[in-house]
Amino acid sequence: MTATGDYVVYTLPALKPASYKVTLNYKLSQSNRGIAQFYINGKPIGEPINESTTGAERMVTAELGTIEVSDSEPIKLKMEHKGGGMYIGANYIVFTPVSE
């Protein structure tokens, strides 16, 4: 994804109905990184993330928010380029059940 508006959609396995905290790991980089927005099943989750830095490059884990899963359908995860530098990416995303 190298242009504003470019995106990719991943289909993830279904989760059991519950609340999940969603966290993202990505590289904060000096190498022409842009701003990414993430969506779960078509709805934005979290604020856009600027993956660029002028400081030290490092891996960062950010909490995107909490989602409610009410059925056992596959999860659609969209990552969209919102501007800034040329590249965006994600190392991994974790869905952690929230205890009630």
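**Exercise 1. Place N41 in the chain and state its surroundings.**

Step 1. N41 sits in the loop that links β3 (34-40) and β4. Strands here are DSSP runs of E with at least two residues, numbered from the N terminus. This is a predicted model: local features need pLDDT of at least 70, side-chain atom pairs count only at pLDDT 80 or more, and totals for chains, interfaces and linings use all residues. Residues are numbered from 1 along each chain as its sequence is written, and side-chain values use heavy atoms, with hydrogens and water left out.

Step 2. Is N41 buried, partly exposed or exposed? N41 counts as partly exposed because its relative accessibility is 44%. Buried means under 20% relative accessible area, exposed over 50%, and partly exposed in between (1.4 Å probe, protein chains only).

Step 3. Set aside the neighbours within four places in sequence: N41 is then in contact with P74, I75 and K76. Contact means heavy atoms within 4.5 Å.

Step 4. V9 is 32 residues from N41 along the chain, and their C-alpha atoms are separated by 9.6 Å.

**Exercise 2. Describe the sheet that holds β3 and β4.**

Step 1. The order is β1-β6-β3-β4: 4 strands in an open sheet, with antiparallel pairing. Two strands pair if DSSP finds at least two bridges between them.

Step 2. Which strands are at the edge? They are β1 (7-12) and β4, and each pairs on one side only.

Step 3. On average, neighbouring strands of this sheet are turned by 20° against each other, direction ignored. Axes are lines fitted to C-alpha atoms, and angles run from 0 to 180 degrees between N-to-C directions.

Step 4. β3 and β4 run antiparallel, joined by 5 bridges. Y39 stands opposite P44 in β4.

**Exercise 3. Work out the sheet that holds β5.**

Step 1. Here 3 strands form an open sheet, ordered β5-β2-β7, with antiparallel pairing.

Step 2. β5 and β7 (92-97) are the edge strands.

Step 3. β2 (residues 18-28) pairs with β5 over 11 bridges. K27 has M59 of β5 as its bridge partner.

**Exercise 4. Find what lines the largest pocket.**

Step 1. A pocket is an open set of points on a 1 Å grid where a 1.4 Å probe fits, with protein on both sides within 12 Å along at least five of seven lines; lining residues have an atom within 4 Å of a point.

Step 2. The lining includes N41, P44 and V69.

Step 3. β4 (43-50) and β5 (58-69) each supply at least two residues of this lining.
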